[in-house]
Amino acid sequence: MAMENDTRSGPSRKRFRTSHACDLCRSRKIRCDGNTPCAACVATENDCTYGSEANSRGKSDLILEGVLRVEKYLHDLNANIAASPHFVNRSSSHPVLSPAVGSSVGRRNLFGGSFTDLRITPRPTLCPHPDELDNANNLENAVLESRHTSTTESILQWPHFDVFPSLRKDYTSISHLEQSRPRIKTKKGNIHPYVTEEEVDSILDAFEHAVNFWYPTASSDQLHNARALITNVNFDDHDELRVCLALLVMALGCASKVTAGLMESAAVPESERRRRATYRATGDMYFESALKKLYVAHMDVDSIATQCLFFVALYFAFLRRPLQAWEYISAAATKCLLLLSYSSRDSTSEDQERIRRIFWSCYILESDYLAELSNLPLSGIARIESSVPLPGAGYSTHSNAQEEEQSSLYFLACISMRRLLNRVHQLLYARGTGASLDDKRFPGIVKELDHQLDEWRTVLPEAFAFEVEWPPVGAKHNITGVKTEHGGFLRQRYLTCRSVIYRPYLMWMLSSSNAGSNPVTSPIITTGGSRGVQGPLASVPTSSTAVGVNSTTTPSAMNIKLAEHEVLANCKSCLDACLLHILNLRGFSQTLLVDTWVCSLSMAGAMLVLLAACRISLLKDLIGPDILQAGSHLRESLVGWQKVQGDPSSPSVDQSVHIIEEAERFIRQVYKGGKDEEEGRIEE
């Protein structure tokens with residue numbers, strides 16, 4: 001991946017937060033370097049005094065240091081790539097205008113002190129114009145570019161599946177499938193469901209503990225106002241934009257009711273299925289009423305209008321309508337860009353914080369969709385993400401202070417993981433510049449990205465910590481190794497990232513095998529084996545004599561022949577992560593409400609990767625018998641989720657289930673060791 005050829009060798013400021021700021025910096029709420037006098041006082045020719053006691057270090061400080069370490073590694077990686085003899089500079093004449101990752105401009109409120117100590121200093125223009133940024137060369141922003149090569153549809157085109165014609169038979173592209181769907185039918189007139197005050201409270205609580213926990217964008221005051229509006233029933237005398245917001249909150253609250261409590265199994269009793277169907281119907285009625293008032297959100301330019309567009313996107317995601325969800329994600333992101341660049345004189349600090357939170361929510365969702373539909377047009381928010389402050393304090397989202405803090409930490413964990421995933425896709429799979437097919441470049445990049453992934457996991461709060469382990473035999477519906485459902489969801493993100501990081505080794509092995517060479521004796525560099533994942537055949541040894549990316553050995557000497565176990569250890573890291581990703585999948589509420597469509601494609605891709613590996617004996621030996629459970633587990637989950645979510649089902653999800661079923665059938669045939677497999681063709 002190319003980058004701007006500038007002279008910066010690292011971050012533009014000292015990374016670690018001083019525990020004692022001078023009085024002037026504390027009063028101005030700016031970062032202090034802790035020196036006497038400090039740099040800020042020297043620059044302004046003021047007296048530098050330290051009259052206050054230092055703040056005690058809390059868990060937010062520790063998280064800050066961990067996150068900043070990860071971002072420092074990104075700078076080190078950028079420098080290594082730029083200095084590499086294989087690096088091709090594709091820079092344009094445009095300068096990179098965004099600040100360095102973690103700089104005082106772009107990240108000055110990142111976990112600094114406790115959450116209650118955070119303050120945001122508004123600026124007339126928060127971010128550079130997207131057109132001024134050269135995306136392909138700007139590693140400051142975690143951008144997932146269009147037309148990358150890591151989608152499930154790209155994997156399906158691998159030549160290794162030519163011997164499985166039925167995998168591609170009658171396959172329809174996702175975009176064509178979704179474009180051919182009938183539009184959502186709406187009823188004439190305004191019909192609002194009748195709900196008691198107790199039911200309103202229950203629905204709003206579901207929204208607060210689910211949607212507003214994952215994407216904490218609605219303030220407590222907004223939820224109180226929504227309750228008052230809904231219980232009043234007569235909406236004619238109220239502001240239409242706020243009525244629209246209240247209706248959308250109720251719709252998403254009903255969706256939260258539909259998707260809650262399915263961790264153990266999607267098979268529910270008939271009475272429970274009817275209860276969830278009632279909530280689905282109620283949510284649809286609220287959503288339909290909101291759509292009829294949505295014109296005000298398109299016409300207004302403020303934080304609440306942007307919030308309405310974002311909530312519409314979330315409900316379309318719940319309906320498994322990815323193109324419509326994408327449309328409203330883009331609309332919300334566009335308003336975010338406008339309001340971040342040109343803030344209104346009437347905007348309050350609450351409005352500004354709400355826009356920042358919606359910005360980061362759109363950043364996560366846009367990247368999730370782009371990961372599977374790589375030709376979708378970009379909104380531009382990823383191009384400026386390094387210059388937009390992370391969520392801060394002073395914005396109450398929950399009635400319980402502890403839950404509010406946990407929500408903030410979870411949101412930040414999701415943001416940092418999405419940023420890392422984007423860098424993985426961009427560095428390894430960007431079309432034309434990705435290193436995944438260059439065995440001289442990808443080993444060092446893989447090693448660094450894996451290190452960043454481990455750093456991310458290390459700084460997770462205790463409530464979201466997880467173990468990476470194989471589910472016990474018979475634990476088909478139980479979840480192990482996590483303390484909370486949110487930890488389980490983050491573990492899925494971790495495993496996704498790990499599998500994509502190590503996939504270049506598997507692709508290299510598959511390509512070498514197809515070319516007729518012995519893959520484990522071809523020239524390549526190692527990243528040093530697999531760590532962090534344990535399971536069947538996990539005792540693959542690693543050599544301490546392998547040449548590393550930072551070695552002083554000459555480039556020509558680095559291309560040495562590796563022992564078999566070195567290459568296989570890194571392939572095993574990819575295969576273990578794929579299989580664990582499948583086996584640890586559960587009915588997390590966030591997955592069902594927001595990510596069912598994305599999840600189905602991701603799981604189909606994981607099954608295809610495992611199928612390709614099964615056809616090479618060296619790789620097949622690395623995969624344990626758990627693989628025979630994978631297909632049925634996925635089929636049961638995805639089919640069961642769609643039944644609970646209600647009709648119409650998603651044709652994209654249905655097609656993913658078909659691919660999973662076909663892959664499972666072929667994997668079982670491979671493990672039977674039939675004659676057809678030995679001859680290089682599987683029975684159709």
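The following exchange concerns a predicted model and the grounds for the terms applied to it.

Biologist: What makes up the secondary structure of the protein, and what share of its residues is buried?

Modeller: The protein has 26 helices and 0 strands. Of its 684 residues, 57% are buried. Among contacts between residues at least 6 apart in sequence, 79% join residues at least 24 apart.

Biologist: Why are α22 and α24 called roughly antiparallel?

Modeller: Helix α22 (residues 596-614) packs against helix α24 (residues 627-645) at an angle of about 165°. Angles over 145 degrees count as roughly antiparallel, and α22 and α24 are therefore described in that way. Their axes are 11 Å apart, and the crossing is left-handed.

Biologist: Which residues of α22 and α24 meet?

Modeller: From α22 the contact includes Thr596, Cys599, Ser600, Met603 and Met607. From α24 it includes Ile627, Ala630, Leu634, Leu638 and Trp641. By class, the contact of α22 with α24 has 10 nonpolar residues, 4 polar residues and no charged residues.

Biologist: How do you know that Leu638 in α24 is buried?

Modeller: Leu638 has a relative accessible area of 0%. Buried means under 20%, so Leu638 is classed as buried. Leaving aside residues up to four places away in sequence, Leu638 touches Ser600, Val657 and Ile660. Val657 is 19 residues from Leu638 along the chain, and their C-alpha atoms are separated by 7.3 Å.

Biologist: Why is α13 called roughly parallel to α15?

Modeller: Helix α13 (residues 303-318) and helix α15 (residues 349-370) pack at an angle of about 30°, with their axes 10 Å apart. An angle under 35 degrees counts as roughly parallel, so the term applies to α13 and α15. Their crossing is left-handed. Among the residues that meet are Phe310 and Leu314 in α13, and Ile358 and Leu365 in α15. The residues of this contact of α13 with α15 divide into 9 nonpolar, 4 polar and 2 charged.

Biologist: How do you know that Cys571 is in no disulfide?

Modeller: A disulfide requires a pair of cysteine sulfur atoms within 2.5 Å. By this rule the count comes to 0 disulfides. For Cys571, the nearest cysteine sulfur is that of Cys574, 7.5 Å away. Cys571 is buried, with a relative accessible area of 0%. Cys414 also counts as buried, at 9% relative accessibility.

Biologist: What makes Arg147 partly exposed, and Arg320 buried?

Modeller: Partly exposed covers values between 20% and 50%. Arg147 has a relative accessible area of 46% and is therefore partly exposed. Arg320 is at 1% relative accessibility, so it counts as buried.

Biologist: What is notable about the phi values of Arg147 and Arg320?

Modeller: Most residues other than glycine have a negative phi. Arg147 has a positive phi of about 65° although it is not a glycine. Its place is in the loop between α3 (59-83) and α4 (152-156). Arg320 has a positive phi of about 60°, again without being a glycine, and is in the loop between α13 and α14 (322-341).

Biologist: Which peptide bonds leading into Pro37 and Pro648 are cis, and where do these prolines lie?

Modeller: The peptide bond from Thr36 to Pro37 is cis, with omega near -5°. Pro37 lies in the loop between α1 (23-28) and α2 (39-44). The bond from Asp647 to Pro648 is cis, with omega near -5°, and Pro648 is found in the loop between α24 and α25 (651-672). Most peptide bonds are trans.

Definitions and conventions: Residues are numbered from 1 along each chain as its sequence is written. This is a predicted model: local features need pLDDT of at least 70, side-chain atom pairs count only at pLDDT 80 or more; totals for chains, interfaces and linings use all residues. Side-chain values use heavy atoms; hydrogens and water are left out. Buried means under 20% relative accessible area, exposed over 50%, partly exposed in between (1.4 Å probe, protein chains only). Axes are lines fitted to C-alpha atoms, for helices over the stretch in contact, and angles run from 0 to 180 degrees between N-to-C directions. Helices (H or I, at least four residues) and strands (E, at least two) are DSSP runs, numbered from the N terminus. Angles under 35 degrees count as roughly parallel, over 145 as roughly antiparallel, 65 to 115 as roughly perpendicular and the rest as oblique. A crossing is left-handed if the near helix is turned anticlockwise from the far one by less than a right angle, and right-handed if clockwise. Contact means heavy atoms within 4.5 Å. Ala, Val, Leu, Ile, Met, Phe, Trp, Tyr, Cys and Pro count as nonpolar, Asp, Glu, Lys and Arg as charged, and the others, Gly among them, as polar.
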